[in-house]
Amino acid sequence: GYNDLATGKPDMERFTVYLKGQLKEIIEAYRPGIMWFDGEWESAWTHERGVDLYAYLRGLDRKLIINNRIGKGRAGMSGMDNGKGVGDYGTPEQEIPATGFGEGAHWESCMTMNGHWGYNKHDQAWKSTSDLVRNLINCASKGGNYLLNIGPTAEGLFPDPSIERLAAIGKWMKVNGESIYETKASPFKNLAWGRCTQKPGKLYLHVFNWPKDGKLVVPGLKNTVKKATLLAGDRKAKLAVTADGANQVVEVGPAALDPIATVIVLEIEGPAEVSAN
């Protein structure tokens with residue numbers, strides 16, 4: 001019933017004054033890094049009001065990051081602007097773009113741990129830890145962020161399944177965070193076995209599907225590979241790499257270290273260059 005439309009015509013001028021006053025108080029008292037708006041689908045909220053509010057907030061704090069739901073330029077659940085948007089980044093909802101949005105596009109996928117944004121005691125369809133970690137990797141590999149929702153109970157407590165999953169994500173990140181934080185999108189269009197992120201001189205290969213023969217094929221990589229190692233475990237132990245036509249083949253061994261995602265680090269010469277794949 002929360003979507004029921006109110007009767008009568010709302011006094012949007014009064015509401016906007018009230019809204020700006022509240023936002024000014026939040027910014028001046030707490031200096032948030034991000035202001036995340038939602039609900040722009042309400043018919044009384046216009047795109048012009050979104051443009052005005054964005055300019056108002058930018059005047060209060062020029063460093064504030066503001067999502068694109070402040071205006072009405074979002075093209076549905078895919079979350080990106082339809083050409084007339086306002087805001088600093090896009091907000092795909094419950095989905096991750098198949099190939100990202102390209103260089104210079106800023107976005108984050110906002111997703112739930114089960115099927116609800118708020119707490120719902122009847123919803124026990126929790127996403128697995130593996131799915132959540134791979135969603136994080138997937139977003140990073142396409143140049144985006146992962147905004148993962150937690151729905152607290154009426155008492156302000158986090159459900160145990162949420163806590164368990166956050167702890168498991170933290171455990172994976174403690175070992176593999178280097179392959180996520182401050183990385184850029186993958187230079188590869190498709191990787192049958194997983195995903196890739198990169199930093200200058202390094203490619204991080206996140207292997208979801210471990211090769212049965214222990215040979216990981218990196219398709220179309222033109223760079224010379226100076227060194228290949230596992231991110232976890234013994235970083236000094238080098239993995240053999242050989243060229244096979246247009247591909248590089250890494251000898252990764254018979255079994256994955258991590259069933260969710262084992263990360264292989266390739267140190268390469270120069271910026272990553274990949275032929276079409």
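Me: What makes strand E11 (residues 262-268) count as mostly covered?

Reply: In strand E11, 6 of the 7 residues are buried, where buried means under 20% relative accessible area, exposed means over 50%, and partly exposed is in between (1.4 Å probe, protein chains only). The strand itself is a DSSP run of at least two residues labelled E, while a helix is a run of at least four labelled H or I, and both are numbered from the N terminus. This is a predicted model, in which local features need pLDDT of at least 70 and side-chain atom pairs count only at pLDDT 80 or more, whereas totals for chains, interfaces and linings use all residues. Residues are numbered from 1 along each chain as its sequence is written, and side-chain values use heavy atoms, with hydrogens and water left out.

Me: How do you know that E6 (residues 202-207) pairs with E11?

Reply: Two strands pair if DSSP finds at least two bridges between them, and 6 bridges join E6 to E11, so the two are paired, running antiparallel. Within this pairing, His 206 stands opposite Val 263 of E11. Strand E8 (residues 225-230) is also antiparallel to E11, with 5 bridges, and here Leu 230 stands opposite Ile 264.

Me: Why is Asn 223 called buried?

Reply: Asn 223 has a relative accessible area of 4%, and because this falls below the cut-off for buried residues, the word applies. Asn 223 is placed in the loop between strand E7 (215-218) and E8. Contact means heavy atoms within 4.5 Å, and, leaving aside neighbours within four places in sequence, Asn 223 has contacts that include Gln 248, Ile 268 and Glu 273. A polar atom of the Asn 223 side chain lies 2.7 Å from the backbone nitrogen of Glu 273.

Me: Why is Asp 81 called partly exposed?

Reply: The relative accessibility of Asp 81 is 37%, which is neither low enough for buried nor high enough for exposed, so Asp 81 counts as partly exposed. Asp 81 is found in the loop between strand E2 (65-66) and strand E3 (108-111).

Me: What makes the pair formed by the side chains of Asp 81 and Asn 68 a polar contact?

Reply: A polar contact is a pair of N or O atoms within 3.5 Å; within protein, one must be able to donate a hydrogen and the other to accept it, and residues adjacent in sequence count only if both atoms are side-chain atoms. The two side chains make such a contact at 3.0 Å, so the distance fits the limit.

Me: Which residues of E3 point one way, and which the other?

Reply: Glu 108 and Cys 110 point one way from E3, Ser 109 and Met 111 point the other way, and all are buried. In a regular strand the side chains alternate between the two faces of the sheet. E3 runs parallel to strand E4 (residues 145-148), joined by 4 bridges, and the bridge partner of Glu 108 in E4 is Asn 145.

Me: Why is Glu 182 called exposed?

Reply: Glu 182 has 77% relative accessibility, which passes the cut-off for exposed residues, so the name fits. Glu 182 is in the loop between helix H4 (160-176) and strand E5 (194-199), and its phi is near 60°, a positive value in a residue other than glycine. Most residues other than glycine have a negative phi.
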